[in-house]
Amino acid sequence: MSVDVLPVNVPTSVSRVVDGYVADLLATAGDVVEGVYLTGSVAIGDYHEKWSDVDFVTVLRERPRKEALRAVADVHERVAGRTPSPRLDGSYLTWDDLAQPRDPTGTLGLRALGARLQGGRNWVPPALLWHELTEHGLHVHGPHLDDRPIAHDPDGVRAWCLQTLETTWVPWWERNARVASAAGLGSLGGWATASGVLGVARIAYTLQTGLVTSKCGGGEWASVAMDSRWHRILLESLRIRNRPDRRSLYRTPLGRRRDALAFIDDVLTRAGVGVPVRVPLAPEPG
């Protein structure tokens, strides 16, 4: 494996997909590739084979022309065909892109989602990615990130956090709050609880500290930093993600769902986003 150090909880399937991607990319388009770095759950040390994708940032020497774009797109099709799981997701940028804050009009918008390569302004990565590379980027190929300037944009990160709460988590809350719906019924399951609670906890952490963490890191932080009434739902969400074989901390899925919605509502409200209806905290039904 060409990666310097992989966290101990990362399975060999990650090494296989990363090695295959890097070898194919360098053989196919090596003349435009400057460096490859892992981000996301692998780099932060929170990879879960059941839940996680493999995230990366590949730095290009220059903005790719049509021939290079086709070559890179072919690489992702082949990688996904050989190793469909875990899925390989990531962004392509240049050193100039990384040296200055995100700019939708100037930053390269090129993103791979599994077998598909997407391009255009809608695919410019969020400002959070610059901070994530600085704090957690894991070297795979090319120069180490310590040797390269990467822009710091705390205002951009905060704006991204608030926008994500508004555009992703408010609609999520509204869908899941309607119990007589597919999303509402799905929210009785463990996956929805862990996804929602830990997803907003991670954003709350970044809003509070300006730093980047994983879903589990956000949940662990929130279990200490936030009001103690959220302690049980946070520990339950961490249990679902880390030790699903252990017994639930709740008697019923309804009680867990209620607390999950109430916690998410509290994070949204404190961030100034808010939702139309508050979920009252009541004793869990027996």
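Where is P86 found? In this predicted model, P86 lies in the loop between α3 (66–82) and β3. A cis peptide bond joins this proline to S85, with omega at about 0°. The points below treat open and enclosed space, then charged side chains, and lastly two individual residues.

**The largest pocket**

- The largest pocket holds about 1400 Å³ of space.
- Its lining is made up of 43 residues, and those nearest the centre of the pocket are D55, R111, W160, R202 and K215.
- Two or more lining residues come from each of the elements α2 (40–44), β2 (54–60), β3 (88–94), β4 (110–113), α5 (128–136), α6 (154–177) and α8 (190–209).
- Helix α8 gives the most to this lining, with eight residues.

**The cavity**

- Rolling a probe the size of a water molecule over the atoms shows where empty space is left.
- The count of cavities of 30 Å³ or more comes to one.
- About 40 Å³ of space lies in the largest cavity.
- The residues that line the largest cavity are W172, S187, A192, T193, R257, A260 and L261.
- At least two of these lining residues are supplied by α8, and at least two by α11.
- Helix α11 has the largest share of the cavity lining, namely three residues.

**Salt bridges**

- Side chains of opposite charge can pair when their charged atoms come close.
- The model contains 12 salt bridges.
- One of them joins R61 to E34, with the closest N and O atoms 2.9 Å apart.
- This pair links distant parts of the chain, since R61 sits in the loop between β2 and α3, while E34 belongs to strand β1 (residues 33–39), 27 residues away.
- R61 has a relative accessibility of 46% and therefore counts as partly exposed.
- Another salt bridge is formed by the side chains of R243 and D245, at 3.1 Å from N to O.
- Within this pair, R243 counts as partly exposed because its relative accessibility is 36%, whereas D245 is exposed because its relative accessible area is 58%.
- R258 and D259 also form a salt bridge, and their closest N and O atoms are 2.6 Å apart.
- R258 is buried, with a relative accessible area of 13%, and D259 counts as buried at 6% relative accessibility.
- In addition, D227, R229, D266 and R270 are linked in a network of salt bridges.

**D97, a charged residue without a salt bridge**

- D97 is located in helix α4 (residues 95–98).
- D97 is buried yet has no salt bridge.
- The nearest side chain of opposite charge is that of R63, at a distance of 4.3 Å; a salt bridge requires the nitrogen to be within 4 Å of a carboxyl oxygen, so this pair does not count as one.
- The side chain of D97 does reach the backbone nitrogen of T94, at 3.0 Å.
- Leaving aside residues up to four places away in sequence, D97 touches R63, G106, T107, L108 and W130.

**T269, a residue of helix α11**

- T269 is part of helix α11 (residues 253–270).
- With a relative accessibility of 37%, T269 counts as partly exposed, because that class lies between the limits of 20% and 50%.
- T269 and Q118 are 151 residues apart along the chain, and their C-alpha atoms are separated by 34 Å.

Technical notes. Residues are numbered from 1 along each chain as its sequence is written. This is a predicted model: local features need pLDDT of at least 70, side-chain atom pairs count only at pLDDT 80 or more; totals for chains, interfaces and linings use all residues. Side-chain values use heavy atoms; hydrogens and water are left out. Helices (H or I, at least four residues) and strands (E, at least two) are DSSP runs, numbered from the N terminus. Buried means under 20% relative accessible area, exposed over 50%, partly exposed in between (1.4 Å probe, protein chains only). Lys and Arg count as positive and Asp and Glu as negative; His and the chain ends are not counted. A polar contact is a pair of N or O atoms within 3.5 Å; within protein, one must be able to donate a hydrogen and the other to accept it, and residues adjacent in sequence count only if both atoms are side-chain atoms. Contact means heavy atoms within 4.5 Å. On a 1 Å grid over the protein atoms alone, a cavity is a set of points where a 1.4 Å probe fits but cannot get out, and a pocket is an open set with protein on both sides within 12 Å along at least five of seven lines; lining residues have an atom within 4 Å of a point. Grid points are joined across faces, edges and corners, and a volume is the space filled by probe spheres set on the points.
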